Amino acid sequence: MTRSCFFVSEISQDSGEFDLPQPLSRQLDSVLRVRAGETIELLDGRGEAWECLITAIRRGSVRVRVIGKLDGPARESNLSVTLGVGIARPDTMDLIVRQATELGVGRLAVFRAARSQYGPAEKKKERWGKIASEAVCQCGRRLPPEIILFEDLAHFLAGCEADPAGGSLRIFAREREPGAGPKNLAERWKNAAISRVTAALGPEGGWESPECSALIDAGFEPVSLGPRILRMETAVVALISSIQLLWGDMGEGLSGG
Ligand code: SAH
């Protein structure tokens, strides 16, 4: 079996023995061909992981018994990262969702940018949620990122909470204009204890200049990711890695398992 971690929302210490819901049961039985006696890890969507023993498989229904809560290293980032993305073509979005999840993004906000060729839709959100859940299992996180859809950039900006407490940074990746890189920003903000970063990424066609002005008016600082034009799926990795390196959990080694 290659994947042994799944989301099941209604699980707790009191769950005892129960049948897994469909379609998970069917997937475990007919696709992954699990056997009674094997253990799997179930995530409850609230940040807990539960070790469960498969006790029986009957007609596409998999029965499990909760063994107990799994301890393990916390893999959620100490930095709260919101990524705003101007929606791109479906395959690019899939990569962005997966990679942003692996890199510890806590909230993913998707909006239609001026040069986006698509609009966000509930059906897509469902798909991204599934991809994010798979990535969560694969990378050892226990909470999937929250995914929020906004009609356009203006709604995204209006949805960015004011942060009177400070410690929060807003940046947007701006292509084709020389400007501050992540290191320059870190230098500028070195006296602030940054606990929250909201970062925006433009669509395949890039930002239009009124969008850059709107972002700057909303307190977003432009950041350059170097002299080359990156595809979105590359830019997202460069952007979030820089953020985690400078203010999050990439800067120092792992403590504990
Ligand atoms: N088609 C555009 C490029 C868009 S790249 C052009 O040819 O100019 C998509 C998004 O990735 C951009 O809007 C920006 O947010 C980010 N990006 C790509 N390369 C970047 C770079 N070198 N610096 C900062 N952001 C970059």
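Here is a short tour of a predicted model, going from its two domains to its ligand.

**Stop 1: the two domains.** Start by colouring residues 5–69 as domain 1 and residues 80–254 as domain 2, following the domain assignment. If you place a marker at the C-alpha centre of each domain, the two markers sit 34 Å apart.

**Stop 2: where the domains meet.** Now select the contact residues: you should pick up 9 residues from domain 1 and 7 residues from domain 2. What area do the two domains bury between them? It comes to about 580 Å², with 73% of that on carbon and sulfur atoms. Try hunting for salt bridges across this interface and you'll come back with 0. Polar contacts between domain 1 and domain 2 give a count of 0 residue pairs too, with both residues required to be at pLDDT 80 or more.

**Stop 3: the shell around the ligand.** Next, click on the ligand and show what is within 4 Å of it. That brings up 20 residues, and the closest are Ala 173, Glu 175, Arg 176, Glu 204 and Arg 228. Colour this shell by class and you get 10 nonpolar, 5 polar and 5 charged residues.

**Stop 4: the ligand's polar atoms.** Zoom in on Glu 175, where an N or O atom of the side chain is 2.8 Å from a ligand oxygen. Then switch on the backbone at Gly 202: one of its N or O atoms is 2.9 Å from an oxygen of the ligand. Move on to Glu 204, whose backbone puts an N or O atom 2.8 Å from a ligand nitrogen. Finally, turn on the surface: the ligand alone would expose 560 Å², and the protein buries 89% of that.

Methods
Residues are numbered from 1 along each chain as its sequence is written. This is a predicted model: local features need pLDDT of at least 70, side-chain atom pairs count only at pLDDT 80 or more; totals for chains, interfaces and linings use all residues. Side-chain values use heavy atoms; hydrogens and water are left out. A polar contact is a pair of N or O atoms within 3.5 Å; within protein, one must be able to donate a hydrogen and the other to accept it, and residues adjacent in sequence count only if both atoms are side-chain atoms. Accessible areas come from the Shrake-Rupley method with a 1.4 Å probe; for residues, only the protein chains shown count as cover. Ala, Val, Leu, Ile, Met, Phe, Trp, Tyr, Cys and Pro count as nonpolar, Asp, Glu, Lys and Arg as charged, and the others, Gly among them, as polar. Domain bounds come from an automatic or database domain assignment. Contact means heavy atoms within 4.5 Å. Buried area is the accessible area (1.4 Å probe) that two parts lose on being put together, summed over both. A salt bridge is a side-chain nitrogen of Lys or Arg within 4 Å of a carboxyl oxygen of Asp or Glu.
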